[in-house]
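Student: Got a minute to go through this model with me? I'd like to start with what's inside.

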Amino acid sequence: MEAAMAAVTQTTATPSMWSEEELAEVRGRLQSEIDELNADIHRHESEIASGDVTQGAGDDQADAGAKTYEREREIALTLNARDLVAQNERAIARIDAGTYGVCESCHKPIGKERLQAFPRATLCVACKQKEERR
């Protein structure tokens with residue numbers, strides 16, 4: 001009976017053998033990062049909006065260039081934060097679907113150490129290396 005229960009547990013668990021507690025911890029870390037990133041996005045968007053009000057009011061070329069640079073920097077930071085939010089949300093969706101820790105390319109397990117270091121990873125090391133060579 002215990003062997004049958006172990007077999008059922010083994011087939012329903014993710015391939016990397018993440019425990020429910022570990023998955024809950026990863027989920028919490030991802031959600032915490034989403035919350036922080038959303039706060040950053042809001043802050044960057046506020047800075048971009050406040051810069052629009054005073055844009056060009058009596059500025060010389062150097063001031064206008066500096067303001068343009070800062071605005072572009074804020075936009076880039078906002079876009080990067082949005083991308084990270086999307087990656088984290090995808091990782092949480094994979095946890096919910098039971099596919100967390102499975103490579104999206106070869107469908108083999110992603111190493112647990114890789115996911116601990118980079119919980120948003122969707123590819124195993126071998127597939128990621130192949131992708132980067134292209």
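Tutor: Sure, one term to begin with: buried means under 20% relative accessible area, exposed over 50%, partly exposed in between (1.4 Å probe, protein chains only). Keep in mind this is a predicted model, where local features need pLDDT of at least 70, side-chain atom pairs count only at pLDDT 80 or more, and totals for chains, interfaces and linings use all residues. Residues are numbered from 1 along each chain as its sequence is written, and side-chain values use heavy atoms, with hydrogens and water left out.

Student: OK, Trp18 and Tyr100: buried or exposed?

Tutor: Both Trp18 and Tyr100 are buried.

Student: And how many aromatic pairs are there?

Tutor: There is 1. Trp18 and Tyr100 meet edge-to-face, 5.6 Å centre to centre with 70 degrees between the planes. For Phe, Tyr and Trp (its six-membered ring), a pair needs centres within 6.5 Å; planes under 30 degrees apart are stacked, over 60 edge-to-face, the rest tilted.

Student: What sits over the ring of Trp18?

Tutor: The charged end of Lys112, 5.2 Å from the ring centre. The rule is NZ of Lys or CZ of Arg within 6 Å of the centre and within 35 degrees of the ring normal.

Student: Switching topic, what does Val26 touch?

Tutor: Leaving out residues up to four places away in sequence, Val26 touches Trp18, Ile95, Tyr100 and Pro119. Contact means heavy atoms within 4.5 Å.

Student: How many disulfides?

Tutor: The search finds 0, a disulfide being two cysteine sulfur atoms within 2.5 Å. The sulfur of Cys127 is 3.6 Å from that of Cys124, its closest cysteine sulfur, which is too far for a bond.
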